[in-house]
Amino acid sequence: MRQTFEIPLDIPDVTIENVTTNRMGHIEITVKSTVEGTLCHRCGTMTTQFYGEDREITVRHLPILGRKTFMHLRPKRSQCLHCDGSSTTTQTLSWYTPRSSFPKAYEKQILLIMIHSTVQDTRVKEDIGYEAIMGSIDRSIAREIQWEDVPRLEVIGLDEIALKKGHRDCVAIIPGRMETATVILGVLPDRKKATVKTVLRSIPQRVRQTIHCVGTEMYEGFVHAAKRYWASA
């Protein structure tokens with residue numbers, strides 16, 4: 001009987017060099033960029049003059065069969081021949097954010113886990129650091145949602161994440177249901193009624209017509225904003 005199987009990596013612009021399992025049972029995947037060149041950080045010119053590789057970065061990815069999974073990559077460096085001094089720039093690929101502990105796909109998963117939960121609960125469930133979670137939240141905060149990426153919504157939700165850090169107590173998280181998937185539409189900087197109302201009013205008519213219901217917890221600001229939206233929809 002077969003004891004192994006293949007699954008797609010679903011990460012663009014890389015090729016797999018090695019897959020191992022460490023002594024903790026975690027899956028370690030080493031990848032290499034297939035993209036040639038990058039934009040010079042000084043002049044913005046595309047440069048393809050290879051200048052070696054930067055130090056290895058490691059990010060924790062989505063688990064595979066319950067096992068922690070880590071990606072290893074040595075980003076390419078390119079030398080710009082147009083700038084004085086021939087400056088070098090480290091390549092950044094689309095699936096991760098520099099200095100983040102997680103690729104973008106796992107950051108989205110973390111936000112989904114925090115629906116009806118807390119930062120502390122998520123830290124325990126995923127066995128990741130508090131500061132790493134806070135970094136994911138901060139990178140996701142936006143006052144506007146990119147509605148052009150949303151074809152339709154059956155359900156839109158309003159939830160909050162309790163932070164208890166610094167001067168911010170909470171942020172609002174806006175999940176939605178698209179066909180068979182629950183997605184994070186956006187993370188707002190606070191849970192104020194005015195902030196939530198502004199986001200609901202920004203929903204384009206083509207998307208608004210597909211929404212069947214608005215789900216929210218019993219926080220008064222959310223309830224009032226949802227009622228106002230539903231009455232005007």
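Trainee: What share of the 233 residues in the chain is buried?

Mentor: In this predicted model, buried residues make up 41% of the chain's 233 residues.

Trainee: And how much area does the chain expose, and what do carbon and sulfur atoms supply?

Mentor: About 13800 Å² is exposed by the chain, and carbon and sulfur atoms supply 50% of that area.

Trainee: Back to the inside, then: how many residues does the largest nonpolar core have, and which have the most contacts inside it?

Mentor: The largest nonpolar core has 20 residues, and the ones with the most contacts inside it are W147, L153, I156 and L185. At least two residues of this core come from each of the strands β10 (155–165), β11 (168–178) and β12 (181–188), and likewise from each of the helices α4 (193–201) and α6 (220–232). Another core, of 17 residues, lies apart from it, and I115, A132, I133 and V187 are among its members.

Trainee: Which residues does I156 touch, leaving out those up to four places away in sequence?

Mentor: With those sequence neighbours left out, I156 touches W147, I174, P175, G176, L185, L200, I203, I211, C213, V214 and G215.

Trainee: Zooming out, how many helices and strands does the chain have, and what does the C-alpha trace span?

Mentor: There are 6 helices and 13 strands in the chain, while the C-alpha trace spans about 60 × 55 × 40 Å along its principal axes. Of the contacts with a separation of 6 or more, 53% are between residues 24 or more positions apart.

Trainee: Last topic, charges: how many positive and negative side chains are there, and how far apart are the centres of the two sets?

Mentor: The chain carries 32 positive and 27 negative side chains, and the centres of these two sets lie 4 Å apart.

Definitions and conventions
Residues numbered from 1 in each chain as written. Predicted model: local features only at pLDDT ≥ 70, side-chain atom pairs only at ≥ 80, totals over all residues. Heavy atoms only, no water. Core = buried A, V, L, I, M, F, W, Y, C linked by side-chain atoms within 4.5 Å. Buried < 20%, exposed > 50% of the residue type's maximum accessible area, 1.4 Å probe, protein only. Helix = DSSP H or I, 4+ residues; strand = E, 2+ residues; numbered from the N terminus. Contact = heavy atoms within 4.5 Å. Areas by Shrake-Rupley, 256 points an atom, 1.4 Å probe, with all protein chains shown as cover. Lys, Arg positive; Asp, Glu negative; His and termini not counted. Charge placed at Lys NZ, Arg CZ, Asp CG, Glu CD.
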